[in-house]
Amino acid sequence: MSVAICCRNASPDGRCKGSDGATPSEAIPMIERMLNESINGLSPKVPFQPEDAASVARLILDSMKTSGRVYHNMQHVFDISKTMKDPILELSALFHDVIYYSIDKSFQGEQAKALEGVVLGVDGSHGQPQELILALEFEDPIAELVVRLYGFEPGKPLPKLGTNEFLSAVIGVRVLEKWLSVPQLMQIATCIEATIPFRPISEDGKTPMDRLYDRLKLVCPDQSEEWLVHTVRMAAVTANCDLCSFDSNDRDFFLDSSWKLIPEARPVLLEEDCPLMEYYNECFALEGRTKFLKGAVPKIFQSFRQAPSDEEMAAKQAKTHENLKVMSEYALVRMLQLMVLVEFVKVMGEDPASIPLRPLLRMTLPEVTSPTAENESPMGLTAEEQAEVRNWLVCGRRACFSWDPAISPLGAYLYDSLGPKGIASAVEVGKNQKPGSHELLKVLPKDVVTTIASSLGAVLPDRAEKFSQVPEKLGILAQ
């Protein structure tokens, strides 16, 4: 019997090996190695002992493996630090996401302990995120320096933008201050600050790195100009490594990174009984986020005093536009897939908010014997890029998730049946159809509708008869 393999990350027996990267037992020694090499490379004030490495590594891992994290987990740290050679950069990478409050929604005990005296209302309890307010005064001078570096105002609520980075930096410097000097700690805090994303140039023409330099100079007045410039340049490197998937030549890495962010924006997708309508709605949300990203490309990467150079920045932005363009066509196919599924459920007279999503993503469809010869892509993709999109649909993304298998049988079937231009046209019909008209299904080829109806009945056998009646209700007769 043949085995249906759900993704390229599968064992020979077809079992998905998962997409979370290193397991906790694998991650701990990797983190300990990074800590040992980095801290000992900075001539620590006191010896960094094995038990120290174990304790700090556990704090970092526990912070990064909360249930809602799919992208901002330990694998993200390992991914962005691959090219980092400087100890300050590696330590910044290890700590830069230990707090992600909008996902974690609470603080663990060790995190709360490290934030004492800095943020009010931190008790480590679970529940909905509460407003976080900075203390009016700080007994810890290192914490006060970080507050000033980030430009936050004591006694005021933490802003929406920069809270995660600020709290991560506070934990990082407080954990590491036993071994590192104040200038080293401030370099780490500066590098983490630079990972606050998508900030514009100010009215006076200053970039986020220019403004960071200004604040760093005020906070560290005794440091030389050379030290200040070097520190902010390291910060720019950290920021660009943090978002390195955007300009990656490995488009599988870019797509997987983008897809991992989806359940962080819509956690209900991680639930076993997540309804179909949630992924449908998320496809439209993803379209909006992608549109934002296309307009925000100049804000993604950071440079300070020609490091990286204008030419290097232009190349990064060009590659990002290319990656976003190719991903957009894949996302459009997935959007049509969800539109078609929702329409089928509505024609049956049922509510897509009560139909389970996961079985519908694992349906089997026959191979299209004569794929459409249409090669014109509304997105402007080359034939090679179109083949890449099709490969993701047919052979699967590199990463497979319980909430979304790497392979998309229905997406592949639609792509082969309609071609890129037909996909885009059908999506527009779906977006603009009148409620209850089911125009989307009516404009699809009749054999496509009847084939999908039959395949849906196989994955939801208790509704097989209802699915089989959809073509007739639409006035479509099986060919």
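Okay, let's start with the largest cavity: by class, its lining has 7 nonpolar, 2 polar and 1 charged residues. Keep in mind that we're looking at a predicted model. The residues around that cavity are A194, T195, I196, P197, F198, A239, L243, K299, I300 and Q302. And how much volume does the largest cavity have? About 40 Å³. If you search the whole structure for cavities of 30 Å³ or more, you get 3.

Now the open side of things, the pockets. The largest pocket comes out at about 1,200 Å³. There are 40 residues lining it, and the closest to its centre are H72, Y100, P197, F198 and L261. You've just heard two of those names: P197 and F198 also turn up in the lining of the largest cavity. By class, the pocket lining splits into 21 nonpolar, 13 polar and 6 charged residues.

Which helix gives the most to that pocket lining? That would be α14, with 5 residues. Several helices supply at least two residues each, namely α5 (101-104), α8, α12 (251-260), α13 (262-265) and α14. Hang on to α8 and α14, please, as both come back with the rings.

So, rings. The count here is 13 aromatic pairs, and I'll walk you through two of them. Take F152 and F166: the ring centres are 5.1 Å apart and the planes sit at 70°, so we call that one edge-to-face. What parts of the chain does this pair link? F152 is in the loop between α7 (141-150) and α8 (163-176), while F166 is in helix α8 itself, and the two are 14 residues apart. Both are out of the solvent: F152 counts as buried at 14% relative accessibility, and F166 is buried at 0%.

The other pair I picked is Y279 with W403. Here the centres are 6.2 Å apart with the planes at 65°, so again it's edge-to-face. Y279 lies in helix α14 (residues 276-300) and W403 in the loop between α16 (383-394) and α17 (409-432), so this contact ties together parts that are 124 residues apart in sequence. Are these two buried or exposed? Y279 is buried, and W403 is too.

Back to the phenylalanines for a second, since there's a cluster to show you: ring pairs link Y150, F152 and F166.

If you care about charges over rings, I have a couple for you. R305 puts its charged end over the ring of Y213, at 4.6 Å from the centre. Then there's K316, which lies over the face of F301, 5.2 Å from the ring centre.

Last topic, cysteines. How many disulfides does a search of the whole structure find? The answer is 0. C220, for one, is in no disulfide, and the nearest cysteine sulfur belongs to C191, 12 Å away. C241 isn't in one either; its nearest cysteine sulfur is that of C244, at 6.3 Å. The cut-off for a disulfide is 2.5 Å between sulfurs, so that distance doesn't qualify. As for accessibility, C220 counts as buried at 9%, and C241 is buried with a relative accessible area of 13%.

That's my tour, so over to you for questions.

How values were computed: Residues are numbered from 1 along each chain as its sequence is written. This is a predicted model: local features need pLDDT of at least 70, side-chain atom pairs count only at pLDDT 80 or more; totals for chains, interfaces and linings use all residues. Side-chain values use heavy atoms; hydrogens and water are left out. Buried means under 20% relative accessible area, exposed over 50%, partly exposed in between (1.4 Å probe, protein chains only). On a 1 Å grid over the protein atoms alone, a cavity is a set of points where a 1.4 Å probe fits but cannot get out, and a pocket is an open set with protein on both sides within 12 Å along at least five of seven lines; lining residues have an atom within 4 Å of a point. Grid points are joined across faces, edges and corners, and a volume is the space filled by probe spheres set on the points. Ala, Val, Leu, Ile, Met, Phe, Trp, Tyr, Cys and Pro count as nonpolar, Asp, Glu, Lys and Arg as charged, and the others, Gly among them, as polar. Rings of Phe, Tyr and Trp (its six-membered ring) pair if their centres lie within 6.5 Å; planes under 30 degrees apart count as stacked, over 60 as edge-to-face and the rest as tilted. Helices (H or I, at least four residues) and strands (E, at least two) are DSSP runs, numbered from the N terminus. A charge sits over a ring if NZ of Lys or CZ of Arg is within 6 Å of the ring centre and within 35 degrees of the ring normal.
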